[in-house]
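Subject: Structure handover

Dear colleague,

I am passing on the structure we spoke about, so that you can open it alongside this message. Please have a look through it before reading the notes underneath.

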Amino acid sequence: MARLSSMNLVLIFLLSFLILWSSELVIQSEGKSDYGTALTKSLLYFEAQRSGKLPRNQRVQWRGDSAVKDGSDAGIDLSGGYYDAGDNVKFGFPLAFTISTLSWSVVEFSSKLQAKGELSNALAAVRWGTDYLIKAHPQPDVLYGQVGQGSADHACWQRPEEMTTRAPPTKSTTRTRGRSRRGNRCSLFNFARNHPGQYQNSIPDAGTFYSSSGYQDELLWAAAWLHRATGDKMYLDFLSGAGDTGGGRTEFSWNDKYVGAQVLVAKLVLEGKVENSGLWAQYKNQAEQFICNSLQKGSGNFKKTPGGLLWFQPWNNLQYTSTAALIAAVYADYLAPKNASVQCPGGIASSSDLIALAQSQVDYILGANPKKTSYMVGYGSNFPTQVHHRGASIVSIKKDPTPVGCSQGFDLWFNKDAPNPNVLDGALVGGPDAQDEYTDKRSNYQLAEAATANTAPFVGVLARLA
């Protein structure tokens, strides 16, 4: 049994649950993006990533039931949830961020999702993740943070429906015991505050793939959402007494949630619920610093490719681009009702400027780029066909149930220079490099692997633009 050294996962789980609780581009001939079609596909992607027994209304038909006995070796039902990316592991830390940002998309843009007929699909996508995360917290002092073992899984190339390398789930825990009280929303928050540390010290395997650099950002992120969901002053008190508000950040991601917390506090400032002074003003100024740098109007502008894509990291850059676009879209709608603007070092930025930024990034991703390639799979006429993804790259088990062995999958499918037999609709691959170049090869996992954390924030941006 691993000893607890961090509660990052607990906080993100709590956030994912609370956001749900608090809310009830085909390229056209003229070169314009079809945001509605892209939105539909983005939600289909989550159905392709489902683990567990699939529901009757499952739309992605090349997938089948998988990992239905997850957790049984530990005497618990941990079936369900989502596979992280192109692998068959359920990594709790990025999964919770995926559900958090997907939920944020629903909270902010539910009316737009409803207008496009996608609200029920978005809520279903959120629920598939939250149902799993709730099961992963069976007691107040226990959280199962991972199912599957990364190294063993990555050494195999198999469909999720026939995995042969499943490892027992891994959990974080404390010595205390007690009856589960899921209805007590602050219990997980207090649990995290009382047991700080980096979660990979409890789950070492996770650190190889998703190593956390800290936990203060999760505490602020959770407190900001808990206040929005409950209105309880204790969370405002935590935010005002935190001391570390994050400073200027260079990304918003599964590992760095400061910008998200800063934006949520900035909303309170704009609405007059807290003073625009002291620490509250600091949160707001730091949120707007990120926005100014994204707009190229800041004092430390983020890099852009020659074709205009915000470029943050050489590995899976579109995850960071999509979150930056979500921040811009959300903040634009916080500014508009107050007729407010952002005072950047390089000039004033209006709500419409922020929407234009989000739109420019979405348009690039959907095909308005030097390679005329859509980096959303299944969208448009030119998109990646060799996505680094086990399930999509092997013939559907429904079409050919012949077992595919661990190493056999590499020989027959991974190394095959041909399009994947299954189209992973709505997936955002890692995207082009800093020079707008992209190689459509399954082995190019740095650029060609899709992940749930890429598409989740993109859902909200697409809903806002559609």
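Below is what was found, going from the overall form to single residues.

Please keep in mind throughout that this is a predicted model. The protein has a secondary structure of 17 helices and seven strands, and its C-alpha trace spans about 65 × 60 × 35 Å along the principal axes. For a chain of 466 residues, a compact globule would be expected to have a radius of gyration near 23 Å, and the 21 Å found for the protein agrees with that.

Turning to the surface, 60% of the 466 residues count as buried, while the accessible surface comes to about 17,200 Å², with 48% of that area belonging to carbon and sulfur atoms. As for charge, there are 44 positive and 40 negative side chains, and the centres of these two sets lie 5 Å apart.

Among the strands, three form an open sheet in the order S3-S4-S5, with antiparallel pairing. Strand S3 (90–91) and strand S5 (170–173) are the edge strands, each of them pairing on one side only. Strand S4, which covers residues 142–147, is joined to S3 by two bridges, and if you would like to locate this contact in the viewer, Lys90 has Val147 in S4 as its bridge partner.

The interior is perhaps the part to look at next. In soluble globular proteins, nonpolar side chains tend to be buried together. In this model, the largest nonpolar core holds 126 residues, of which Trp104, Tyr331 and Leu424 touch the most other members. Helix H12, made up of residues 317–335, gives this core its largest share, with 13 residues. Another core lies apart from it and has six residues, including Ile394, Val395, Val404 and Phe414.

One residue deserves a separate note, namely Phe189, which is found in helix H6 (residues 185–194). Is Phe189 buried or exposed? Its relative accessibility is 0%, and since buried means under 20%, Phe189 counts as buried. Along the chain, Phe189 and Thr455 are 266 residues apart, and in the model their C-alpha atoms are separated by 27 Å.

With best wishes

Key: Residues are numbered from 1 along each chain as its sequence is written. This is a predicted model: local features need pLDDT of at least 70, side-chain atom pairs count only at pLDDT 80 or more; totals for chains, interfaces and linings use all residues. Side-chain values use heavy atoms; hydrogens and water are left out. Helices (H or I, at least four residues) and strands (E, at least two) are DSSP runs, numbered from the N terminus. The radius of gyration is taken over C-alpha atoms; the globule rule is 2.2 Å times the number of residues to the power 0.38. Buried means under 20% relative accessible area, exposed over 50%, partly exposed in between (1.4 Å probe, protein chains only). Accessible areas come from the Shrake-Rupley method with a 1.4 Å probe; for residues, only the protein chains shown count as cover. Lys and Arg count as positive and Asp and Glu as negative; His and the chain ends are not counted. The place of a charge is taken as NZ of Lys, CZ of Arg, CG of Asp or CD of Glu. Two strands pair if DSSP finds at least two bridges between them. A nonpolar core is a set of buried Ala, Val, Leu, Ile, Met, Phe, Trp, Tyr and Cys residues joined through side-chain atoms within 4.5 Å.
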